[in-house]
Amino acid sequence: MSSLFDVTAGSLIGPTTGGTVTQATNKSTGVTLNTESGQITMNDAALAAAAEVSFTVTNSKVAATDVVVAVHGSAGTAGSYLVNANAIAAGSFAVTVSNVSSGSLGEAIVINFVALKGASS
């Protein structure tokens with residue numbers, strides 16, 4: 001099996017399942033997406049300057065020993081958000097989004113994530 005870091009003809013080998021989900025209600029509303037990678041479209045509710053919000057991603061593919069990487073993928077004002085995955089547990093992880101701009105932003109940003117399999121031994 002190829003390593004995640006093998007490159008063949010310009011293509012990175014990685015997770016083979018992906019999906020999309022759109023957040024309902026507000027920016028702290030949890031979502032469910034049971035894939036190894038995917039895109040989460042956030043609700044367009046306002047996020048004040050220097051504020052942050054967290055929400056839970058329920059995902060049956062994630063184990064407590066995994067590493068989840070999340071980034072601001074598209075939509076919204078580039079450079080105005082910091083995104084990170086945290087609180088990784090069996091079946092879920094949290095995403096925290098911070099508004100690092102000087103104004104309130106009401107944008108439905110798209111977050112890209114990938115779960116990399118880890119082990120404790």
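**View 1. The whole chain has ten strands and zero helices.** Both kinds of element are DSSP runs numbered from the N terminus, with at least four residues for a helix (H or I) and at least two for a strand (E). Walk along the protein chain from the N terminus and the elements read β-β-β-β-β-β-β-β-β-β. The protein chain has 121 residues, and buried ones make up 33% of them. Here, buried means under 20% relative accessible area, exposed means over 50%, and partly exposed is in between, using a 1.4 Å probe and protein chains only. Keep in mind that this is a predicted model, where local features need pLDDT of at least 70, side-chain atom pairs count only at pLDDT 80 or more, and totals for chains, interfaces and linings use all residues. Residues are numbered from 1 along each chain as its sequence is written, and side-chain values use heavy atoms, with hydrogens and water left out.

**View 2. Strand S3 sits beside strand S5.** Zoom in on S3, residues 18–22, and look at its two faces. Gly19 and Val21 are on the covered face, while Gly18, Thr20 and Thr22 are on the uncovered one. That fits a general habit: in a regular strand the side chains alternate between the two faces of the sheet. S3 and S5 (residues 37–41) run parallel and are joined by five bridges; DSSP must find at least two bridges between two strands for them to count as paired. Opposite Thr22 you'll find Thr41, in S5.

**View 3. Four strands make an open sheet with mixed pairing.** Read across it and the order is S4-S6-S9-S8. At the edges are S4 (31–32) and S8 (81–89), each pairing on one side only. Strands of a sheet pair through backbone hydrogen bonds, either parallel or antiparallel. For S8 and S9 (residues 92–99), the sense is antiparallel, with seven bridges between them. One spot to pick out is Asn86, whose bridge partner in S9 is Ala94.

**View 4. Phe93 and Phe113 form a tilted ring pair.** The count of aromatic pairs comes to one. The ring centres of Phe93 and Phe113 are 5.4 Å apart and the planes sit at 55°, so this pair is called tilted. The rule pairs rings of Phe, Tyr and Trp (its six-membered ring) when their centres lie within 6.5 Å; planes under 30 degrees apart are stacked, over 60 edge-to-face, and the rest tilted. Phe93 belongs to S9 and Phe113 to S10 (residues 110–116), so the pair ties together parts that are 20 residues apart in sequence. Both Phe93 and Phe113 are buried.

**View 5. Lys117 and Asp66 make a salt bridge.** The count here is one salt bridge, meaning a side-chain nitrogen of Lys or Arg within 4 Å of a carboxyl oxygen of Asp or Glu. For Lys117 and Asp66, the closest N and O atoms are 2.6 Å apart. The two partners come from distant parts of the chain, 51 residues apart: Lys117 is in the segment after S10, and Asp66 is in the loop between S6 (52–58) and S7 (67–74). Lys117 is exposed at a relative accessible area of 58%, whereas Asp66, at 5%, counts as buried.

**View 6. Asn26 reaches two side chains in its loop region.** Look for Asn26 in the loop between S3 and S4. Its relative accessible area is 29%, so Asn26 is partly exposed. The side chain of Asn26 makes a polar contact of 2.8 Å with that of Ser28 and another, of 3.0 Å, with that of Thr29. A polar contact is a pair of N or O atoms within 3.5 Å; within protein, one must be able to donate a hydrogen and the other to accept it, and residues adjacent in sequence count only if both atoms are side-chain atoms. Ala45 is 19 residues from Asn26 along the chain, yet their C-alpha atoms are separated by 5.8 Å.

**View 7. Ala75 and Ala87 each have a positive phi.** Most residues other than glycine have a negative phi. Ala75 has a phi of about 65° and lies in the loop between S7 and S8, where Ala75 is partly exposed at 39%. Ala87 has a phi of about 50°; Ala87 is in strand S8 and, at 57% relative accessibility, counts as exposed.
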